[in-house]
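Student: Could you take me through one part of this model up close? I'd like a single connected account rather than a list.

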Amino acid sequence: MHEAPPAKITSPVVSLKDNYVRLIPVSLIVAAAGIGTALLLSMDMQRFSFAYLTCFCTLMSLCLGGLFFVIVMHLTRAGWSVTVRRIAEIIAMCTLPMFVLYLPILIPLMMGSDEVYIWNVEGWSIHGDAEHKAKVLAEADYPPPIEELKAMYLNRWFFGGRMVAYFLIWGAMAWFFLGNSLKQDRTGDKQITAKMQKHSTWMMIVFAATLVFSSFDFEMSLAPFWFSTMWPVYFFAGSMLSALATITLIAICLQRTGRVTDEITVEHYHDLGKLMFSFVVFWGYIAFSQFLLIWYANIPEETFWFAWRINPNSEGVMTGWQWFSLVLLFGHLLIPLLALMARTVRRSKNFLLYAAIYLLIMHWIDHYWIVMPQYSEMVSHPVGPAAGLAFHFNPLVDIPCAIGMAGVFVALFCLIARDRPLVPLKDPRLGEALAHHNP
Amino acid sequence: MTDKQNQEMEDQKLLGLLAQFEDPNTLIKACNEARESGYKKIDAFSPFPVHGIDPALGIPRTILPFFVLIIGLTGCAVGLGMQYYANAADWSSLFPGYNFMISGKPFFSLPANIPVTFEVVILSSAIATFLGMWALNRLPRLANPLHRISRFKRVTNDKFFLLIETKDPKFSREQTESELNQWGASAIEEVNEDLTDQQLPSWLQLVGLMTALILLIPPVLIFRAEGMTNRKPRLHVVPDMDWQDKYKTQTMAPNLGDEKHPVYLFVDGRAMQEPIPGTIARGDLDTDSEYYRGIKSGTDSFATLHSAGARTGLQDAAPQEPSDQDTPAAESSAEPAEPDWVTQFPPNVTVDQALLERGQQRFNIYCSVCHGYAGNGDGLVNVRAMALAASGQATWTAAKSLNEPEVIKNPVGRIFDTISNGRGTMGPYKSQIPVEDRWAIVAYVRALQGTGLKPEGVTKADEDTVEE
């Protein structure tokens with residue numbers, strides 16, 4: 001319709017310049033201090049592992065959301081998003097080093113620890129100890145017990161192998177997009193965009209498959225007897241929401257420090273705001289769909305997961321997880337739903353900055369709510385019903401751990417961004433993106 | 001133009017001036033100029049959406065989103081309220097609601113109602129958007145004077161137009177025209193009031209008539225079907241709703257496995273499980289013995305309860321049969337001790353005018369057929385059955401007059417128990433009559449007894465309670 005105006009980068013600074021040299025050590029110190037504090041104050045490796053896994057999963061889903069953003073923008077040949085796509089490409093590239101961050105969980109697991117993943121022990125059973133299991137199985141004449149079926153998938157070697165495969169696939173896909181995009185910065189070859197669009201098709205399918213199974217592996221297998229086919233969609237909804245919040249946050253931070261001042265305009269923030277709004281709704285929709293089906297069917301092997309988080313324990317005591325559930329309902333769905341509804345607020349950079357930070361905190365709470373009750377269950381009642389399910393929120397452990405992990409992310413981002421341009425300089429759709437206008 | 005035509009044109013009301021432009025940039029420029037020189041009633045027309053035309057025309061942002069938000073929130077309230085009313089409302093007698101207990105589930109539970117609420121919000125918002133858009137654009141319009149200008153037809157092809165209305169306070173025929181020329185108009189046309197016949201076109205009238213006739217067919221068919229007998233089986237529109245895949249209670253569930261490994265829905269093969277021992281269904285925890293059984297609390301041990309239950313129907317009915325008449329002694333010795341009946345109405349039964357009226361109504365429905373409206377044992381069923389019994393066509397035990405001294409002597413608890421569990425050949429009514437209505441009947445029976453014979457032995461307390 002419109003002829004794209006000539007693409008011209010007008011900002012004086014479009015990269016981190018030399019600042020990354022200073023930023024990396026600072027953020028690494030923050031990371032070490034935060035995670036170290038958490039480790040010291042938890043005084044218990046298992047407790048620390050769960051706090052660490054919470055933060056890891058938060059960050060992991062965020063990076064996967066970045067990868068999805070890049071793939072879907074190529075898949076739809078989006079023009080508007082070109083100016084913020086490089087930020088997403090760098091976030092996506094963080095998926096590969098994330099493997100190193102998973103090692104503190106994976107190495108003990110490969111060495112046979114069942115401190116985090118309870119299925120990682122010979123003869124694990126939903127029926128408690130082996131004696132009880134034998135008795136239950138003798139009474140019920142069902143052909144093969146569910147544990148044996150699940151052990152075909154949940155065993156340490158297959159699990160470890162899957163993990164290596166996931167991170168290699170994600171890393172390869174992220175590098176494909178980042179590397180080619182950087183190459184285009186130098187050559188300006190339009191065929192590179194065509195190539196990325198072509199390969200984004202099957203990559204989307206591969207991404208979907210890996211995201212589905214990795215979401216099962218990372219968090220759902222903490223409760224190995226639980227069933228929810230909605231889980232990967234739930235994981236994805238939060239993942240994309242947090243990625244959008246991170247892209248917005250990084251873009252605003254970059255512009256406040258005088259970088260890419262001209263390229264990312266209020267129109268791009270408006271679109272990011274719209275997407276954030278829609279993914280707030282999508283997250284709520286999926287979270288409720290998952291809850292409603294389980295609530296309605298009322299089958300014990302499904303309801304227990306929500307019962308830990310919503311019901312008082314069997315002694316009638318509120319454990320504290322109920323408050324987290326309410327915080328998610330209001331803080332992750334209803335409040336941002338109303339707050340992001342108006343056009344004027346979505347066009348306000350100041351507001352979006354706070355909204356992005358807020359949504360990232362909510363995303364962390366979401367994962368905390370997923371991961372930590374499993375620890376409470378393990379500690380309070382290794383076997384049997386969750387009668388005395390306790391509450392294990394400890395701000396002195398969990399908050400430093402989250403701050404530390406945020407430091408890790410900043411360090412990773414700087415390490416990958418270095419002095420590379422933070423917008424694709426010669427993308428054929430850059431002109432379209434610069435002239436982008438919301439009706 | 002002749003003078004006559006000119007005269008005609010002047011008779012017609014001038015609505016505005018329409019200026020033609022050759023490209024969108026000139027149009028936007030002209031819009032800006034018009035807005036800046038103070039014109040308010042202006043509108044632009046273009047073959048495609050032109051970015052930036054809204055601010056150029058000075059059009060404020062539409063209020064449609066707020067309208068939709070309000071309608072959507074209203075839809076949310078209506079959707080929730082509708083479900084509450086249809087599931088849990090227990091309001092006045094005018095809008096009683098439908099709070100029926102089903103499978104012991106709670107009447108109202110929010111999660112189950114969210115999907116419908118959500119759908120109502122979406123539906124009402126969509127309809128509000130659609131209708132709101134039409135209303136804000138003042139649609140539908142059957143005709144627009146602009147369409148009578150032949151030049152304007154190219155607005156769907158390659159020309160751009162700007163309209164300035166005469167309603168604009170700044171409008172003046174000559175001044176505006178010269179301004180439009182100045183802003184780059186390639187042609188200017190007058191827009192005149194449409195004086196053509198404003199009736200509906202005849203083909204549209206025909207379409208309307210045909211639609212009305214077609215819409216009449218279904219009600220006519222329905223009226224026709226109502227007056228006819230049809231022996232064919234009915235049409236099953238939704239077969240899996242008419243024949244549902246389900247197991248009936250008190251049956252065996254089919255074996256889903258094979259002979260060697262039978263797999264049933266439940267381990268014992270039943271389609272439905274018995275209540276778990278030691279559990280009580282919701283609403284059935286009748287711990288208040290005085291209220292639910294008419295027995296003084298603390299005295300109704302499990303044993304007396306059982307004997308009270310067992311006595312009803314079977315053992316008491318036994319003496320009526322001739323074979324058992326031979327052993328009255330054995331019968332009376334087997335008769336368990338009478339429970340300690342309450343002599344006062346339980347504390348949560350307030351005997352007042354409303355309760356007595358309720359009791360009268362229930363009594364007339366359930367009891368009067370045998371016991372008679374005055375409780376004298378002369379109900380229609382009783383009279384007829386006695387006549388049949390006298391001629392040997394039936395066996396019948398006469399219904400008791402409730403005004404006999406021996407009945408009046410009974411404490412209220414015993415009367416309540418009689419209504420609940422039956423006595424002699426009288427059957428139990430506890431499945432038909434709720435507890436509060438049974439107490440209402442007891443109160444009414446006491447009132448009847450008060451108006452009838454004045455027997456000796458009625459406790460003062462009972463009378464006081466009735467007259468309260």
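Tutor: Here is a walk through the sheet in one chain and the helices on it.

This is a predicted model, where local features need pLDDT of at least 70, side-chain atom pairs count only at pLDDT 80 or more, and totals for chains, interfaces and linings use all residues. Residues are numbered from 1 along each chain as its sequence is written, while chains are lettered from A and ligands numbered from 1 in the order in which they are written.

In chain B, 4 strands make an open sheet, ordered E2-E3-E1-E4, with antiparallel pairing. Strands here are DSSP runs of E, at least two residues, and helices are runs of H or I, at least four residues, numbered from the N terminus; two strands pair if DSSP finds at least two bridges between them. At the edges sit strand E2 (42-45) and strand E4 (187-192) of chain B, each pairing on one side only. On average, neighbouring strands of this sheet are turned by 20° against each other, direction ignored.

Now zoom in on E2(B): 4 bridges tie it to strand E3 (residues 160-165) of chain B, and the two run antiparallel. Along that pairing, B:Ile42 stands opposite B:Ile164 in E3(B).

Then come the helices. Helix H2 (residues 24-36) of chain B lies across strand E1 (14-21), E2 and E3 of chain B, at about 15° to E3(B). Helix H6 (residues 173-182) of chain B also packs on the sheet, touching E1, E3 and E4 of chain B, and its direction makes about 10° with that of E1(B). Contact means C-beta atoms, placed from the backbone, within 7 Å; axes are lines fitted to C-alpha atoms, for helices over the stretch in contact, with angles running from 0 to 180 degrees between N-to-C directions.

Definitions and conventions
Two residues are in contact if their C-beta atoms, placed from the backbone, lie within 7 Å.
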